[in-house]
Amino acid sequence: MIDAILFQISTSYIHNYVRSADAQLGLYYIAEYANNNNVNIKVKKYSSNEPIIANMLSLIEEYKCNIIGFYVDSENLWTIRRVIMTLKKMIPDIFVIIGGPQVTGDAQLALKRIPNVNCAVVGEGERPVVEIIKQIKESCLDFSKIKGISFLNEIDEYCFTGSQIPIKNLDEY
């Protein structure tokens, strides 16, 4: 069983044609850390030239997954926005996490630009993503207990749980 799927969507010419095999290592670090902590995460990369929504829906159904995450950078932000809005219309209960340089740089703005997101990871995602998934699996989601995330509360106020302690050596995971 897969607990979550992390997606990277490449939209630039160089990513789509010249370096199509490249993927963000951060997503794989998160998946490896998660797997070492009894959380199963799959990483999937798409090009903007592919039928992204159809492929994602198929993968979500295949793995019966209700948690998804997106790597957001300046090039794919608007594509991610469109994808999340569409997926939320089709699967309203899906839990959506965003992270990456665009989110870490300005999480509050990222949450405004990308509606329908449950939370945003600020900085390294290994610990926060695993904690979010564990809490969802245990039906006791309490963002205040997870450092390194931001979200909009029930009255759309921006909340940040505080910086997490940086991981000194990611290779130890």
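In this predicted model, Phe70 has plenty of company from elsewhere in the chain. Setting aside neighbours within four places in sequence, Phe70 contacts Phe7 and Ile9, then Met56, then Ile80, Val83, Ile84 and Leu87, and finally Val96, Ile97, Ile98 and Gly99. That fits with its place in the largest nonpolar core, a set of 30 residues in which Phe70, together with Met56, Ile68 and Ile98, touches the most other members. Several elements feed this core with at least two residues each: the strands β1 (4–10), β3 (67–71) and β4 (95–99), and the helices α3 (52–63), α4 (77–90) and α6 (107–113). Apart from this core lies another one, made of 25 residues, including Ala4, Leu6, Phe95 and Phe143.

Helix α4 is worth a look of its own. With 14 residues at 1.5 Å each, α4 should span 20 Å, and its end C-alpha atoms do sit 20 Å apart, so expectation and model agree. Its buried residues are Leu77, Thr79, Ile80, Val83, Ile84, Leu87 and Lys88. Viewed down the helix axis, these buried residues keep within an arc of 155°, so they line one face of α4. The general background is simple: an α-helix has 3.6 residues a turn, so residues three or four places apart point the same way. As for what the buried residues of α4 pack against, the list takes in the strands β1, β3 and β4, as well as α3, α5 (101–105) and α6.

Turning to the strands, β2 (residues 41–47) has five of its seven residues buried, so the rest of the structure largely encloses it. Strands β1 and β2 run parallel and are joined by seven bridges. Within this pairing, Ile9 stands opposite Tyr46 of β2; Ile9 is also one of the residues in contact with Phe70.

What about charged pairs? A search through the whole structure turns up one salt bridge. The partners are the side chains of Asp3 and Lys137, with 3.3 Å from N to O. Asp3 belongs to the segment before β1, while Lys137 is part of helix α7 (residues 126–137), so the bridge ties together parts that are 134 residues apart in sequence. The two ends sit in unlike surroundings: Asp3 has a relative accessibility of 8% and so counts as buried, being under the 20% cut-off, whereas Lys137, at 46% relative accessible area, is partly exposed.

Technical notes. Residues numbered from 1 in each chain as written. Predicted model: local features only at pLDDT ≥ 70, side-chain atom pairs only at ≥ 80, totals over all residues. Heavy atoms only, no water. Core = buried A, V, L, I, M, F, W, Y, C linked by side-chain atoms within 4.5 Å. Buried < 20%, exposed > 50% of the residue type's maximum accessible area, 1.4 Å probe, protein only. Helix = DSSP H or I, 4+ residues; strand = E, 2+ residues; numbered from the N terminus. Contact = heavy atoms within 4.5 Å. Expected span 1.5 Å × (residues − 1). Arc of directions from axis to C-beta. Pairing = 2+ DSSP bridges. Salt bridge = Lys/Arg side-chain N within 4 Å of Asp/Glu carboxyl O.
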